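Q: Could you take me through one part of this fold closely, namely the sheets and the helices that pack around them? I would like a connected account that I can follow with the model open beside me.

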Amino acid sequence: NKYNIWASTLDKQDVEVMKDRIHNGANLLEEHVFQFDFLNDNFSKLPESLQAIINDPIKRKKLVIYINPPYAEASDGIGLGGSKIDVSKETLIHKKYGDLLKKAKNELFIQFLIRIYIEIPDCYIAQFSTLKHLNASNSSHFRKTFVAKLINMFIVPANTFDNVVGNFPIGFMIWNTEFKEPLSSAVAKIYDEKGKILKNRKISVYNGKGYINNWIKQFNNEKNGISIAYLAFTGNDFQHINEVRICQIKPTSHISVIDINISTIFVSSVYFTMRHCIKATWLNDRDQFLYPNNKWKKDTEFQNDCLAFTLFHSQNKITSKDGTNHWIPFTEYEVDSREKFDSQFMSKFIQGKIKPEEDAKMFDKA
């Protein structure tokens, strides 16, 4: 019904394209197609016929706002629609609801959602977006405000969209914002790149949950002896898996770092193994790693397995080129080395000759 449809976009050129299609038979009214910056413009710029609906509490309940916003953080300086107009974190909505959203304010599609939710209440929202607003730790404050009934949902690979690259999921969700139902989980249909239904998948919402990065950071105060390496990491999800690594030179970027010493070698290995032992796919890209239970503390077999996994994983970037290599799990005799190793720490540690509670003097290079 063209009398009940309005279409807006940021780019004037796109508006002209839509109006040209109307002249060639597209089922829209030319007066209902307009240029609008949803993150900056006032609603007074909307067509009067649309304003009449937005300002009417009864009519709003039948309004469906369909959006396909950009999947980019405002702090990236990426423009709406990719390469169109640069958009910084200084949008009107960023300033207006920044204190409410906290870290989520930098996500452009969340800025769209929060404006609709607060300024056009009780409507329906039909949205394409990533799943960050459902499960990312940075979106926890958004989820406390955005409480609505999820009617239905499906997920597709991101690279099925034009001009979108990367192996991550994009979801289509339909919300009824009139009903305030806190979301704890949802079941979504999964489609592959050819439109074939693969299965249903449960999407968990992690409100009130502890994240694995908060767990590992509590061990950074344990300084028992010199560091044999550093555990570098960022992000709680599979998206950031390639940034989880063991390195000899301490990173100076935004990466979080844990000193690996006698006290933290096992806990670092447990963390490293948990982050890498499950294969990252496009579907689990936004899934979060949570706080572990305490059973690992008494499970020495599990700890030893994690250490072995860490020693031989490709993300263990230790090399003698960067300094003394404390991570060689063998003696010189076992590998028929041409020269004596600079450090025998790891082989002695595995043999039980160095205990976590012992003094750092056991760190000999003999």
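A: What follows goes through the six-stranded sheet, the helices beside it, and then a second sheet.

The model is a predicted one, and every position below should be read in that light. The six strands form an open sheet with mixed pairing, in the order E3-E4-E6-E5-E7-E8. Strand E3 (64-67) and strand E8 (197-204) stand at the edges with a single partner strand each, so one side of each has no neighbour in the sheet. From one strand to the next, the twist averages 20°.

Within this sheet, strand E5 (residues 149-157) and strand E7 (residues 185-191) run parallel and are joined by two bridges; Phe 154 has Lys 189 in E7 as its bridge partner. On the packing side, helix H5 lies on the sheet and touches E3 and strand E4 (124-129), its direction making about 175° with that of E4.

E7 also pairs with E8, but here the two strands run antiparallel and seven bridges join them. One of the partnerships between these strands sets Val 187 against Lys 202 in E8. E7 and E8 together form a hairpin with five residues between them, and in the turn Gly 195 has a positive phi of about 85°. As general background to both kinds of pairing, strands of a sheet pair through backbone hydrogen bonds, either parallel or antiparallel.

The helix that packs on this sheet also has a helical partner. Helix H4 (residues 92-101) and helix H5 (residues 108-119) pack with their axes 10 Å apart, at an angle of about 85°, and that angle makes H4 roughly perpendicular to H5. From H4, the contact draws on Ile 93, His 94, Lys 96, Tyr 97, Leu 100 and Leu 101, while H5 brings Ile 110, Gln 111, Ile 114, Arg 115, Ile 118 and Glu 119. Sorted by character, the residues of this contact between H4 and H5 comprise seven nonpolar, two polar and three charged.

Earlier in the chain comes helix H1 (residues 12-23), whose twelve residues should span 16 Å at 1.5 Å a residue; its end C-alpha atoms are 17 Å apart, which agrees. At the start of H1, a side-chain oxygen of Asp 11 comes to within 2.9 Å of the backbone nitrogen of Gln 13. After H1 comes Gly 25, with a positive phi near 110°.

The second sheet is also open, and its three strands have the order E10-E9-E11 with antiparallel pairing. Strand E10 (245-247) and strand E11 (256-260) stand at its edges, and each has a single partner strand, so one side of each is left without a neighbour in the sheet. Here the twist from one strand to the next averages 30°. Strand E9 (residues 229-233) pairs with E11 in the antiparallel sense over five bridges, and Ala 229 stands opposite Ile 260 in E11. Helix H9 (residues 265-276) packs on this sheet, where it touches E9, E10 and E11, and its direction makes about 35° with that of E9.

Methods. Residues are numbered from 1 along each chain as its sequence is written. This is a predicted model: local features need pLDDT of at least 70, side-chain atom pairs count only at pLDDT 80 or more; totals for chains, interfaces and linings use all residues. Side-chain values use heavy atoms; hydrogens and water are left out. Axes are lines fitted to C-alpha atoms, for helices over the stretch in contact, and angles run from 0 to 180 degrees between N-to-C directions. Helices (H or I, at least four residues) and strands (E, at least two) are DSSP runs, numbered from the N terminus. Angles under 35 degrees count as roughly parallel, over 145 as roughly antiparallel, 65 to 115 as roughly perpendicular and the rest as oblique. Contact means heavy atoms within 4.5 Å. Ala, Val, Leu, Ile, Met, Phe, Trp, Tyr, Cys and Pro count as nonpolar, Asp, Glu, Lys and Arg as charged, and the others, Gly among them, as polar. Two strands pair if DSSP finds at least two bridges between them. The expected span of a helix is 1.5 Å times one less than its number of residues. A polar contact is a pair of N or O atoms within 3.5 Å; within protein, one must be able to donate a hydrogen and the other to accept it, and residues adjacent in sequence count only if both atoms are side-chain atoms.
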